[in-house]
Structure formats: C-alpha cells, structure tokens
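Colleague: I have a few minutes before my next meeting, and I would like to go through this model with you. Could you put it on the screen?

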Amino acid sequence: MEEGKRQRQVAGALQEQFNDIFRRLNLSMIDGGMVSISNVKVTPDLLEARVYISLFQVKDQAAVMKKIESKAWEIKKELADKMKHQLRRIPVIHFYNDDTLDYVFKMEEIFKKINEKEK
C-alpha cells in the first residue's frame, strides 16, 4: 500500500526532530562511530513510527542499539515537547538498525572481486 501525503509529511517532520534530538542527547556519535536517522516510516493511523538508524563505523552495533533503546523514553519526551502542536498523539517509536550501508559495501566488494577475476 502506498504512503499517503499526511504520512510522508509527518514522517519528514519526525525525521528532522529525531536528528535534532539525537544531536542534543549526544547520540549522534557513539563508540567513535556516527549514528544517523536514515528513514522514518509512519503507519496510516499515525500512531506508530518506525525509525531506521544508520550506524557508520560503529564497533558494536547491538550495544549502540541497546543504548538508544534505553533512551527511548527520553527521546519520546523530547519529541512530545517539540511536536505537541503538530500531532494529536505522539506515535509509539520503534527503532530498527538500517543495514543498507553494510549491504552496499558488501556489494562493492563482490563487484571488485568479479572485476579482478575478469582481468
């Protein structure tokens, strides 16, 4: 099913706020790696938000995700303060590790090996 206009608007606004909140809570740099919000998807009823987090050069991704999950209440409180005039209800937040960047690097390595074999 295709996303509606309101879903995209809310997801975009949430993504901006999440990026700002992560900077303020010092969650954008963890363990020498960079943490960023790659995407936000909102359900059609606007009551749940799936936040996809991209981790770049982070040694222990599971520990970083656990740390973010432990700060979920604080993140939601900050979000509620920022978005209380735009949304009736603040959505339930679910964090997911976005491994697209890892997949891209893996595919590049495969293509390099294929090119080396051809030469």
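Modeller: Here it is; we can go through the sheet, the loops and the aromatic rings in turn, keeping in mind that this is a predicted model.

Colleague: Sheet then, please: how many strands form it, and in what order?

Modeller: The sheet is an open one of 4 strands, ordered E1-E2-E3-E4, and its pairing is mixed. At the edges are strand E1, residues 29-30, and E4, each of which pairs on one side only.

Colleague: And which helix packs on the sheet?

Modeller: That is H2, which touches E1, E2, E3 and E4 and whose direction makes about 170° with that of E4.

Colleague: You said mixed, so in which sense do E2 and E3 pair?

Modeller: E2 and E3 are antiparallel, paired over 8 bridges, and within that pairing isoleucine 37 stands opposite isoleucine 53 of E3. E3 and E4, on the other hand, run parallel and are joined by 6 bridges, with tyrosine 52 having tyrosine 96 in E4 as its bridge partner.

Colleague: What sits between E2 and E3?

Modeller: The two strands form a hairpin with 5 residues between them, and leucine 46, in the turn, has a positive phi of about 65°.

Colleague: Why does a positive phi deserve a remark?

Modeller: Because most residues other than glycine have a negative phi. Leucine 46 is not a glycine, yet its phi is positive.

Colleague: Is that leucine 46 side of things buried or exposed?

Modeller: Leucine 46 lies in the loop between strand E2 (33-42) and strand E3 (48-56), and its relative accessibility is 18%, so it counts as buried, the cut-off being under 20%.

Colleague: Which residue in the loop between E3 and H2 should I look at?

Modeller: Glutamine 57 is found in that loop, and its phi is near 60°, again a positive value in a residue other than glycine. Glutamine 57 has a relative accessible area of 59%, so it is exposed.

Colleague: Switching to aromatics, how many pairs does a search of the whole structure find?

Modeller: The search finds 3 aromatic pairs. One of them joins phenylalanine 18 and phenylalanine 95, whose ring centres are 6.5 Å apart and whose planes stand at 70°, so that pair is edge-to-face.

Colleague: Where in the chain do those two come from?

Modeller: They come from distant parts of it, since phenylalanine 18 is in helix H1 (residues 5-24) and phenylalanine 95 is in strand E4 (residues 92-97), 77 residues apart. Both phenylalanine 18 and phenylalanine 95 are buried.

Colleague: What about the rings of phenylalanine 22 and phenylalanine 95?

Modeller: Their centres are 6.4 Å apart and their planes are at 55°, so this pair is tilted. It too links distant parts of the chain, with phenylalanine 22 in helix H1 and phenylalanine 95 in strand E4, 73 residues apart. Phenylalanine 22 is buried, as is phenylalanine 95, and ring pairs link Phe18, Phe22 and Phe95 into a cluster.

Colleague: Last one: where is lysine 71?

Modeller: Lysine 71 is in the loop between helix H2 (61-70) and helix H3 (72-83), and with a relative accessibility of 25% it counts as partly exposed. From lysine 71 to methionine 107 there are 36 residues in sequence and 33 Å in space, C-alpha to C-alpha.

Terms used. Residues are numbered from 1 along each chain as its sequence is written. This is a predicted model: local features need pLDDT of at least 70, side-chain atom pairs count only at pLDDT 80 or more; totals for chains, interfaces and linings use all residues. Side-chain values use heavy atoms; hydrogens and water are left out. Buried means under 20% relative accessible area, exposed over 50%, partly exposed in between (1.4 Å probe, protein chains only). Rings of Phe, Tyr and Trp (its six-membered ring) pair if their centres lie within 6.5 Å; planes under 30 degrees apart count as stacked, over 60 as edge-to-face and the rest as tilted. Two strands pair if DSSP finds at least two bridges between them. Contact means heavy atoms within 4.5 Å. Axes are lines fitted to C-alpha atoms, for helices over the stretch in contact, and angles run from 0 to 180 degrees between N-to-C directions.
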